Amino acid sequence: MKPAFEAGRPHGASKNLEERLEPVRKMLLPCMQCGTCSGSCPNAWAMDFSPRHLWRLLLTRNGEEIFKSRTFVLCSTCYSCTLRCPRGLPLTDAMSMLKQAAAAENVRMHRRSVGFYKSFMESVRRHGRVREMEFMTLYFLSMKNPAIPLRFTPLGMRLMAKRKVSFEIPSRGMGRLDAFFRKAKAVEDQS
Ligand code: SF4
Ligand code: SF4
């Protein structure tokens, strides 16, 4: 059976993901499974595993289950869980680290989310703000699947008719945030 997650690299992918999970696991060791994080999370209703359940999977070394889950992708970085965890654990950072691991290892199940995020950031880098039309064009191109834009065409037409999105041809922009993005990348590479 085809594995539920498949990394871009053909060999050692699971090992890479496991290595990336190790620092998150260390951070979460003091978790006492009280469930306060799940009870505080505004997005828990949409998650397949609650945050508490995710930490349990992490601590019991069920890495594959974690990367099959959409829980960390749905984290909106609101910090409620971090503020309320009785152990003072950096839970929002842990969610971010899982997102980064899935992106870095090109986990198949999360490629759409990663493509969406990258397209959004590219538009911001070019123009200093997101241009919806360009953002969606970049996203659809990155997916290399003509069925996806077709599915969104009626919604796009409705939004344009209501002037919720403006028609702007994608362009390279002024790159005003280039220096900022370069600096952020350098900091990330050092950490
Ligand atoms: S609130 Fe903290 S201690 Fe409680 S389950 Fe969540 S991570 Fe664990
Ligand atoms: S930071 Fe993420 S996981 Fe924590 S409460 Fe907010 S949305 Fe939920």
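**Notes on a two-ligand, all-helix model**

1. Let's start with ligand 1. Of the 14 residues around ligand 1, the ones that come nearest are Cys 31, Cys 34, Thr 36, Cys 37 and Cys 85. Two helices, α2 (36-40) and α3 (51-59), each put at least two residues into this shell. Sorted by class, the shell around ligand 1 holds 9 nonpolar, 3 polar and 2 charged residues. Bear in mind throughout that this is a predicted model.

2. Now for ligand 2. Its shell also has a list of nearest residues: Cys 41, Cys 75, Cys 78, Ser 80 and Cys 81, out of 14 around the ligand. Here α5 (80-84) and α6 (91-104) each supply at least two residues, and α6 gives the most, with 3. The class count for the shell around ligand 2 is 8 nonpolar, 6 polar and no charged residues.

3. A word on the overall build. The protein has 10 helices and 0 strands, so reading along the sequence gives α-α-α-α-α-α-α-α-α-α. Its C-alpha atoms fill a box of roughly 50 × 40 × 35 Å along the principal axes. Of the 191 residues, 20% are buried. If you take contacts between residues at least 6 apart in sequence, 64% of them join residues at least 24 apart.

4. On domains: the protein is divided into domain 1 (13-105) and domain 2 (111-169). Their centres, taken over C-alpha atoms, are separated by 29 Å.

5. The loop between α4 (63-68) and α5 deserves a look, and Cys 78, one of the residues that come nearest to ligand 2, sits in that loop. Is Cys 78 buried, exposed or partly exposed? It is partly exposed, because 13 other C-beta atoms lie within 10 Å, and burial would take 20 or more. For a sense of distance, the C-alpha atoms of Cys 78 and Leu 58 are 21 Å apart, with their positions 20 residues apart along the chain.

6. The neighbours of Cys 78 have backbone angles worth checking. Most residues other than glycine have a negative phi. Thr 77, which is not a glycine, has a positive phi of about 55 degrees, and Tyr 79, also not a glycine, has a positive phi of about 75 degrees. Thr 77 lies in the loop between α4 and α5, and so does Tyr 79. As for surroundings, Thr 77 counts as exposed because it has 10 C-beta neighbours inside 10 Å, whereas Tyr 79 is partly exposed, with 13 other C-beta atoms within 10 Å.

7. Back to α3, which supplies at least two residues to the shell around ligand 1. Its buried residues are Pro 51, Leu 54, Trp 55 and Leu 58. Seen down the helix axis, the buried residues of α3 fall within an arc of 100 degrees, so they line one face of the helix. That spacing has a familiar background: an α-helix has 3.6 residues a turn, so residues three or four places apart point the same way. Just after α3, Arg 61 takes a positive phi of about 60 degrees.

8. Next, α7 (111-127). What span should its 17 residues have at 1.5 Å a residue? They should span 24 Å, and the end C-alpha atoms of α7 are 24 Å apart, which agrees. Ser 119, Ser 123 and Arg 126 are buried in this helix. Down the axis of α7, its buried residues fall within an arc of 70 degrees, so they line one face. Those buried residues pack against α8. Gly 128, just after α7, takes a positive phi of about 80 degrees.

9. Finally, α8 (residues 132-143). With 12 residues at 1.5 Å each, α8 should span 16 Å, and its end C-alpha atoms are 17 Å apart, which agrees. The buried residues in α8 include Phe 135, Met 136, Leu 138 and Tyr 139. Viewed down the axis of α8, its buried residues fall within an arc of 160 degrees, so they too line one face of their helix. What covers them includes α7. Just after α8 comes Lys 144, with a positive phi of about 50 degrees.

Conventions. Residues numbered from 1 in each chain as written. Chains lettered and ligands numbered in written order. Predicted model: local features only at pLDDT ≥ 70, side-chain atom pairs only at ≥ 80, totals over all residues. Near = placed C-beta within 6 Å. Helix = DSSP H or I, 4+ residues; strand = E, 2+ residues; numbered from the N terminus. Nonpolar A, V, L, I, M, F, W, Y, C, P; charged D, E, K, R; others polar. Domains from an automatic or database assignment. Buried ≥ 20, exposed ≤ 12 C-beta atoms within 10 Å, placed from the backbone. Contact = placed C-beta atoms within 7 Å. Expected span 1.5 Å × (residues − 1). Arc of directions from axis to C-beta.
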